[in-house]
Amino acid sequence: WLVLWLDCDREGENIAYEVVDICAGANRNLNIWRARFSALIPREIHEAVQHLARPNKLFADAVDARQEIDLRIGASFTRFQTMLLKDAFVLDVSGEERNMVLSYGPCQFPTLGFIVERFWEIQAHEPEEFWTINCSHTSDEGTASFIWM
């Protein structure tokens, strides 16, 4: 038996099939199952082991297709925008540095969106007054300062 305990999403399913390919190469008689769980808590683990399912090849294939599309679009659009925009910006570079690539990838836009959103939050920040408590006690033995952590 081989029971696969990987992330319960399409990427986990894709990794599961990579494991299946390697393990089935060593033992063609494996009985292959997949545990599906959302959290590493006893209830979820017990539920997963009591309801094992077969790995879903369609989910794994969907990840392979998306990766292939991302690669092809990324390579094509990177070349397109590099060629189109290579002379559109004035850059203080010379020689080999002038051959820069303007990279594109489907994951870059959402990531850039997170960065821009955080930048706008920082720019829009308006400081507010706040209070702190400073506490100390002085005796014949000296002064003890109490600090809030």
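**Figure 1. Glu11 is partly exposed, with a relative accessible area of 34%.** The model shown in this and the following views is predicted. The partner of Glu11 in this close-up is Arg66, and the two side chains meet in a salt bridge with an N to O distance of 2.7 Å. Arg66 is likewise partly exposed, at a relative accessible area of 36%. Both residues are placed in this class because partly exposed covers the range between the limits for buried, under 20%, and exposed, over 50%. The structure holds seven salt bridges. The pair of Glu11 and Arg66 links distant parts of the chain: Glu11 lies in helix α1 and Arg66 in helix α3, 55 residues apart. Glu11 and Arg66 also belong to a network of salt bridges, in which they are linked with Asp70.

**Figure 2. Glu13 and Arg34 are joined by a salt bridge between their side chains.** The N to O distance in this salt bridge is 2.8 Å. This pair, too, connects distant parts of the chain, with Glu13 in helix α1 and Arg34 in strand β2 (residues 32–34), 21 residues apart. Glu13 is buried, with a relative accessible area of 1%. Arg34 counts as buried as well, at 0% relative accessibility. The two values fall in this class because buried means under 20% relative accessible area.

**Figure 3. Arg36 forms a salt bridge with Glu13.** In this pair the closest N and O atoms are 3.0 Å apart. The salt bridge again links distant parts of the chain: Arg36 is in the loop between β2 and α2 (42–50), Glu13 is in helix α1, and 23 residues separate the two. How accessible is Arg36, as a relative value? Arg36 has a relative accessibility of 30% and counts as partly exposed, whereas its partner Glu13 is buried at 1%.

**Figure 4. Domain 1 and domain 2 meet at an interface in which five residues of domain 1 contact five residues of domain 2.** The domain assignment of the chain places residues 2–58 in domain 1 and residues 61–124 in domain 2. Taken over C-alpha atoms, the centres of the two domains are 35 Å apart. About 510 Å² of area is buried between domain 1 and domain 2, and carbon and sulfur atoms give 37% of this area. Two salt bridges cross the interface. Five residue pairs are in polar contact across the interface of domain 1 and domain 2. Which helices each supply at least two residues of the side of domain 1 that touches domain 2? They are α1 (10–26) and α3 (57–85). Helix α1 gives the most to this side of domain 1, with three residues. By type, the residues on the side of domain 1 that touches domain 2 are one nonpolar, one polar and three charged.

**Figure 5. Asn14 is joined to Asp64 by a polar contact between their side chains.** The length of this polar contact is 2.9 Å. Asn14 has its place in helix α1. Is Asn14 buried or exposed? With a relative accessible area of 6%, Asn14 is buried. Apart from neighbours within four places in sequence, the residues in contact with Asn14 are Ala60, Val63 and Asp64. Asp64 thus appears twice in this view, as the partner in the polar contact and as one of the residues that Asn14 touches.

**Figure 6. The side chain of Gln81 reaches the backbone oxygen of Ser103.** The distance between them is 3.1 Å. Gln81 is found in helix α3. With 16% relative accessibility, Gln81 counts as buried. Which residues does Gln81 touch, not counting those up to four places away in sequence? They are Lys86, Leu102, Ser103 and Tyr104. Ser103 is therefore to be viewed here in two roles: its backbone oxygen is reached by the side chain of Gln81, and Ser103 is one of the residues that Gln81 touches.

Terms used: Residues numbered from 1 in each chain as written. Predicted model: local features only at pLDDT ≥ 70, side-chain atom pairs only at ≥ 80, totals over all residues. Heavy atoms only, no water. Domains from an automatic or database assignment. Contact = heavy atoms within 4.5 Å. Buried area = accessible area lost by both parts, 1.4 Å probe. Salt bridge = Lys/Arg side-chain N within 4 Å of Asp/Glu carboxyl O. Polar contact = N/O pair within 3.5 Å; in protein donor to acceptor, adjacent residues only side chain to side chain. Helix = DSSP H or I, 4+ residues; strand = E, 2+ residues; numbered from the N terminus. Nonpolar A, V, L, I, M, F, W, Y, C, P; charged D, E, K, R; others polar. Buried < 20%, exposed > 50% of the residue type's maximum accessible area, 1.4 Å probe, protein only.
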